[in-house]
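Subject: Handing over the structure

Hi,

Here is the structure I promised to pass on. Have a look at it first, and my notes follow below.

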Amino acid sequence: MVGRARSFTCVAPLGFGLEWTLTKRRCSAPIMRMCAARTGTPEKHSKLTPEAAVDQLEARYQHAVVALETAFDEYLQRSRPPSAKERLAFRYPLLRVLYNNVHEPPPVSRRAFAKLQRPGVYETTITHPGYFRDYLLEQLRPLVAEYGAEIEVTTSDQEIPYPYILERTQEVAEAGVNAGELARYFPTPNLALVGDQIADGLVGLEPGTSSPLALFDAVRVDFSLRRLVHYTGSSWRNTQRWLLLTNYHRYVDQFVRLAMEQLQSGGPFERLVLPDNITVDRGTPTEEAERSIAASQWQKYQMPAYHLVGAGGEGVTLVNIGVGPSNAKNITDHLAVLRPHCWLMVGHCGGLRESQSIGDYVLAHAYLRQDRILDALVPPEVPVPALAEIQVALQDAAATVTGQRGDALKQRLRTGTVVTNDDRNWELQFALQRRQINISRAIAVDMECGTIAAQGFRLRVPYGTLLCVSDKPLHGEIKLPGAANAFYETAVAQHLEIGLEAIALLRMRLDTLHSRKLRSFEEPPFR
């Protein structure tokens with residue numbers, strides 16, 4: 001770029017956990033050197049390929065982790081706190097994409113991600129780039145190949161909180177050091193810097209400022225990764241890219257059984273990981289596997305997760321989210337940072353129509369959201385659309401697993417609106433809700449699926465719902481112990497098989513899964 005000034009950026013933290021950047025153009029060499037010194041960006045560099053950029057992200061992140069670990073050890077062993085200069089090394093890497101084509105319209109693509117809407121500078125901080133390598137390359141390659149974008153990697157001003165990379169509770173206790181003391185010398189989580197302002201459209205873009213490159217920055221991602229460990233009882237690294245969410249533990253029993261069948265029959269999966277990180281590998285003898293499964297103390301965890309691990313994360317994770325919209329929002333807030341391909345709700349519901357039978361399926365194509373938990377973020381009047389790609393996969397899977405087609409399948413599987421209520425005893429207020437349920441043409445009621453769909457819509461994760469009718473409270477068929485047990489024994493296994501078959505179909509149709517319906521008109525380039 002000889003003979004013309006290169007654009008550059010000065011990074012300044014503006015809160016919300018974001019590294020915002022003031023972009024200048026046609027500046028003098030002294031000012032360029034000043035800003036290069038502030039940001040750590042070299043004045044001259046060759047263009048980075050996506051692969052080289054991710055390599056640099058990994059190197060910078062690892063350097064920061066080693067520096068933080070070394071200083072932490074020094075403090076525990078010799079009570080020497082890190083100096084201000086040493087703390088400069090405890091920072092996340094920054095990924096920057098520059099798109100300078102102001103003369104030609106952007107390329108046309110049906111793809112829902114890896115798109116640049118206008119020339120400018122796009123940035124985000126990155127954590128665990130090694131784990132997210134495939135995802136990062138999936139986003140960066142089209143930006144370079146189709147848009148001619150340039151990539152830069154530098155060090156941000158965003159410090160890595162030490163609890164996100166160091167788990168030494170016992171060692172800290174033996175050294176006689178408390179959390180308050182560590183907080184004086186090492187970076188700690190600051191919730192004022194963690195938020196979803198980008199996803200919720202609350203970040204205003206002004207001329208001369210950079211744009212966010214991704215929905216979540218590094219501190220937001222790390223915050224959720226630690227929460228996932230807390231709630232699910234296993235390492236977040238085991239979470240697969242295809243997610244099933246359920247509201248009954250009996251689905252867990254069937255998932256474990258089906259997982260064992262896959263592992264023992266030489267299926268495409270490598271191992272099953274249970275809460276407490278208990279692992280059953282392919283080829284493990286049956287008796288040994290059963291002992292391992294029985295040893296898992298899943299009861300300790302609020303939303304235990306079970307991971308049927310496939311190569312490249314292409315397996316399936318089942319999370320028992322329990323009951324209610326609060327749990328549903330909680331777990332999806334954190335799962336979203338892993339950028340899964342989709343999450344599907346497979347659980348129970350109350351049937352609202354006389355023509356339904358216990359054990360029938362409900363394929364939700366709309367939601368009457370009375371969960372209230374997301375009203376401030378996704379107001380109830382905002383429509384949450386059904387995603388055709390997932391609707392078709394769920395219906396095709398139901399046909400395959402049940403062996404029914406045409407009218408026979410329609411008799412068993414009904415499509416319609418589901419009411420999601422935050423009151424488990426909604427029936428006691430039915431006189432007040434009757435008209436709204438009636439005019440919505442709702443066919444089922446539950447406490448989670450509307451929240452899960454709204455979260456998918458909000459956080460750009462494809463979503464779908466297939467419920468099974470477990471009772472008909474408006475028609476005298478309430479959920480009593482005897483009837484419920486008989487229902488569980490016959491319905492749960494088939495229902496779960498439909499969910500797994502739907503994921504298998506979506507995996508084969510991945511190129512059409514990530515829908516443009518989830519993209520706003522001010523959208524970060526990354527999925």
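A small one to start with: does aspartate 276 count as buried, partly exposed or exposed? Keep in mind as you look that this is a predicted model. Aspartate 276 has a relative accessibility of 26%, so it counts as partly exposed, since buried means under 20% and exposed means over 50%. You'll find aspartate 276 in the loop between strand 8 (269-274) and strand 9 (278-281).

I picked that residue for its backbone. Most residues other than glycine have a negative phi. Aspartate 276, though, has a positive phi, near 70°. Arginine 441 is another such case, with a positive phi near 60° in a residue other than glycine. Arginine 441 sits in the loop between helix 13 (430-439) and strand 15 (442-446), and because its relative accessibility is 53%, it counts as exposed. Then there is arginine 460, which follows helix 14 and also has a positive phi, near 60°.

Now for the overall picture. The protein chain has 527 residues, and 53% of them are buried. It contains 15 helices and 16 strands. If you take the contacts with a separation of 6 or more, 82% of them are between residues 24 or more positions apart.

Next, the pocket. The largest pocket has a volume of about 760 Å³, and 38 residues line it. Leu205, Ser520, Glu522, Glu523 and Pro524 are the lining residues nearest its centre. Three elements give two or more residues to that lining: strand 4 (120-125), strand 6 (211-212) and helix 14 (449-459). Strand 4 has the largest share, with three residues. By type, the lining splits into 18 nonpolar, ten polar and ten charged residues.

Glutamate 523 is worth zooming in on. This residue, one of those nearest the centre of the largest pocket, lies in the segment after helix 15 (481-508). Is glutamate 523 buried or exposed? It counts as buried, because its relative accessibility is 6%. Its side chain makes a polar contact of 2.7 Å with the side chain of serine 520, which is also among the residues nearest the pocket centre. Leaving out residues up to four places away in sequence, glutamate 523 touches Gln117, Leu215, Arg460 and Leu518. You have met Arg460 already, as the residue that follows helix 14.

Helix 14 itself is mostly covered, with ten of its eleven residues buried. Among the buried ones are Cys449, Ile452, Gln455, Gly456 and Leu459. Three residues of that helix turn up again around tryptophan 343, as you'll see in a moment: Ile452, Gln455 and Gly456.

Last, the nonpolar cores. The largest one has 112 residues. Which of them touch the most other members? They are Leu95, Leu136, Leu272, Ile321, Trp343 and Phe526. Not counting residues up to four places away in sequence, tryptophan 343 has contacts that include Leu243, Leu245, Thr332, Leu335 and Ala336, then Ile452, Gln455 and Gly456, and also Val461, Pro462, Tyr463 and Gly464. Apart from the largest core there is a second, separate one of 24 residues, with Ala67, Ala71, Leu76 and Val219 among its members.

Over to you!

Cheers

Terms used:
Residues numbered from 1 in each chain as written. Predicted model: local features only at pLDDT ≥ 70, side-chain atom pairs only at ≥ 80, totals over all residues. Heavy atoms only, no water. 1 Å grid on protein atoms, 1.4 Å probe; cavity = no way out; pocket = protein on both sides within 12 Å on 5 of 7 lines; lining within 4 Å. Points joined across faces, edges and corners; volume = space filled by probe spheres on them. Helix = DSSP H or I, 4+ residues; strand = E, 2+ residues; numbered from the N terminus. Nonpolar A, V, L, I, M, F, W, Y, C, P; charged D, E, K, R; others polar. Buried < 20%, exposed > 50% of the residue type's maximum accessible area, 1.4 Å probe, protein only. Polar contact = N/O pair within 3.5 Å; in protein donor to acceptor, adjacent residues only side chain to side chain. Contact = heavy atoms within 4.5 Å. Core = buried A, V, L, I, M, F, W, Y, C linked by side-chain atoms within 4.5 Å.
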